[in-house]
Amino acid sequence: MDKRDYYEVLGVSRDADEKALKSAYRKLAMKYHPDRNPGDAEAESRFKEVSEAYDTLKDSQKRAAYDRFGHAAFENGGFGGGGGGHPGDFASAMSDIFDEFFGMGGGGRRGAGRDRGADLRYNLEISLEEAYTGKSVEIEVPTSVACDTCSGSGAKPGSAPTTCRTCGGAGRVRASQGFFTLERTCAACQGRGQVISDPCTDCGGAGRKTVSRTLSVNIPAGIEDGTRIRLGGEGEAGLRGGPSGDLYIFLSIRPHAFFQRDGADLYCRVPVSMTTAALGGQFEVPTLGGEMTRVKVPEGTQTGKQFRLRGKGMPVMRSQAHGDTYIQVTVETPTNLTKRQRELLAEFEEESSGATHPESHGFFAKVKDFLDNLGS
């Protein structure tokens with residue numbers, strides 16, 4: 001049976017450009033692909049026909065020959081790649097489908113010799129005060145930088161890397177097995193597409209060397225524990241002039257002597273004497289801003305009572321707002337009493353009543369009722 005015109009097979013005009021050819025091919029290849037039409041001999045035949053047509057027309061030399069001589073250009077050992085649905089052509093077509101839909105082709109990898117450098121991590125610990133005010137910190141980071149002798153190329157000055165002869169610079173090589181084309185990294189150039197015959201003596205051909213760098217890191221006010229700061233391009237230099245990776249700084253904040261943090265709020269426990277709690281009084285507490293703030297204690301204050309200091313907490317990043325500071329009172333029981341102090345406390349106890357200690361009086365009253373109910 002006579003072969004159909006390749007342009008007719010793809011449904012495009014004879015002046016269709018490469019983009020139109022590829023678009024038509026992709027649409028038809030997906031429609032007639034054997035995986036979508038299992039057991040359908042007609043679909044498989046159409047798929048081979050479409051693949052054969054595209055394999056010919058995508059190649060400028062084959063297309064020119066076809067436009068001039070038609071199918072006869074590929075008979076009797078002509079170009080050999082456009083006719084007959086031969087296994088090699090079908091494998092090439094299958095490879096093109098993988099290239100399009102799964103990104104497995106070698107074309108996009110050409111020039112892969114410029115490998116990106118690795119990302120680096122640096123752990124930085126600061127104080128809560130530094131997190132409050134913000135600061136600029138200088139850190140020492142051991143890392144790889146581009147070799148200045150060879151300007152990162154890896155080749156000895158006066159020479160240059162050459163295109164790998166094994167893969168033609170693609171960094172990948174293909175091997176046909178039946179209807180499939182397998183692709184693997186080129187062993188000759190390790191996927192870089194280039195080889196260095198005369199490497200730089202300072203870096204051994206890597207294009208980079210290890211040094212210790214000093215970097216300045218800006219810590220914004222209000223930063224939280226566990227924050228990650230990214231410094232673009234400050235990571236390890238790429239191989240043979242490749243782009244550098246990034247540096248990630250993982251921040252941790254040291255525990256404070258008496259402040260605990262919860263978001264933008266601060267919490268602090270303050271012990272007060274029994275007499276201050278009973279009679280009332282006042283005390284001063286410091287803030288992270290450096291000033292002292294006076295807290296008034298009302299008469300009869302109990303353990304656990306909280307006082308709120310508005311706007312005395314941590315700054316909120318990227319705003320002018322501040323959190324609050326919460327002061328929680330703990331009533332301290334006196335120890336190491338003198339004889340006179342004991343006598344005074346004993347006298348106070350004798351004069352005490354339910355009105356003096358309402359909480360304890362009420363609790364023991366409930367205990368008495370509970371025991372009475374058990375006995376009844």
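Helices here are DSSP runs of at least four residues, numbered from the N terminus. With that in hand, let us walk through this predicted model, beginning with its salt bridges.

## Salt bridges

The structure contains 19 salt bridges. A good place to start is helix H3, where Glu49 and Arg46 both sit, three residues apart, which is about one turn of the helix. These two residues form a salt bridge whose closest N and O atoms are 3.5 Å apart. Glu49 is partly exposed at 21% relative accessible area, and Arg46 is also partly exposed, at 24%.

Two further bridges connect distant parts of the chain. One of them pairs Lys3 with Glu52. Lys3 belongs to the segment before helix H1 (6-10), while Glu52 is in helix H3 (residues 41-57), 49 residues apart. Here the two ends fall into separate classes of accessibility: Lys3, at 40%, counts as partly exposed, whereas Glu52, at 9%, counts as buried because the cut-off for buried is under 20%.

The other pairs Arg308 with Asp324. Arg308 lies in strand E14 (residues 306-309), and Asp324 lies in the loop between E14 and strand E15 (325-332), 16 residues apart along the chain. Arg308 has a relative accessibility of 42% and so is partly exposed; Asp324 has 10% and is therefore buried. Salt bridges that share partners also build a network, joining Arg4, Glu8, Arg46 and Glu49 into one.

For quick reference, here are the three pairs with their distances.

| Salt bridge | Closest N and O atoms |
|---|---|
| Lys3 and Glu52 | 3.0 Å |
| Glu49 and Arg46 | 3.5 Å |
| Arg308 and Asp324 | 2.7 Å |

## The loops on either side of E15

The loop between E14 and E15, which holds Asp324, is also home to Arg318. Arg318 has a positive phi of about 60° although it is not a glycine. With a relative accessibility of 79%, Arg318 counts as exposed.

On the other side of E15, the loop between E15 and H8 contains Asn336. This residue, too, is not a glycine and yet has a positive phi, of about 55°. Is Asn336 buried or exposed? Its relative accessibility is 74%, so Asn336 counts as exposed.

Thr333 is found in the loop between E15 and H8 as well. Its relative accessible area of 58% makes Thr333 exposed, since the class begins over 50%. The C-alpha atom of Thr333 is separated by 9.6 Å from that of Thr275, and the two residues are 58 residues apart along the chain.

Val272 and Thr330 offer another pair that is 58 residues apart, with their C-alpha atoms separated by 6.2 Å. Val272 has its place in strand E11 (residues 265-273). At 5% relative accessibility, Val272 is buried.

## The largest pocket

Next comes the empty space. The largest pocket holds about 830 Å³. Its lining is made up of 23 residues, and those nearest its centre are Met274, Ala278, Phe348, Thr356 and His357. Which elements give two or more residues to this lining? They are helix H7 (274-279), helix H8 (339-351) and H9.

The mix of residue classes may be of interest too: the lining has 11 nonpolar, nine polar and three charged residues.

## A nonpolar patch on the surface

Helix H9, one of the contributors to the pocket lining, spans residues 358-375 and includes Leu374. Leu374 belongs to a nonpolar patch on the surface, together with Phe363, Phe364, Val367, Phe370 and Leu371. Together these residues have about 640 Å² of accessible area. Why can Leu374 take part in such a patch? Patches are made of residues with over 30% relative accessible area and no salt bridge, and nonpolar side chains such as Leu are joined within 5 Å. Leu374 meets the area cut-off because its relative accessible area is 59%, which also makes it exposed.

Terms used
Residues numbered from 1 in each chain as written. Predicted model: local features only at pLDDT ≥ 70, side-chain atom pairs only at ≥ 80, totals over all residues. Heavy atoms only, no water. Patch = residues over 30% accessible without salt bridge, like charges linked within 9 Å, V, L, I, M, F, W, Y side chains within 5 Å. Areas by Shrake-Rupley, 256 points an atom, 1.4 Å probe, with all protein chains shown as cover. Salt bridge = Lys/Arg side-chain N within 4 Å of Asp/Glu carboxyl O. Buried < 20%, exposed > 50% of the residue type's maximum accessible area, 1.4 Å probe, protein only. 1 Å grid on protein atoms, 1.4 Å probe; cavity = no way out; pocket = protein on both sides within 12 Å on 5 of 7 lines; lining within 4 Å. Points joined across faces, edges and corners; volume = space filled by probe spheres on them. Nonpolar A, V, L, I, M, F, W, Y, C, P; charged D, E, K, R; others polar.
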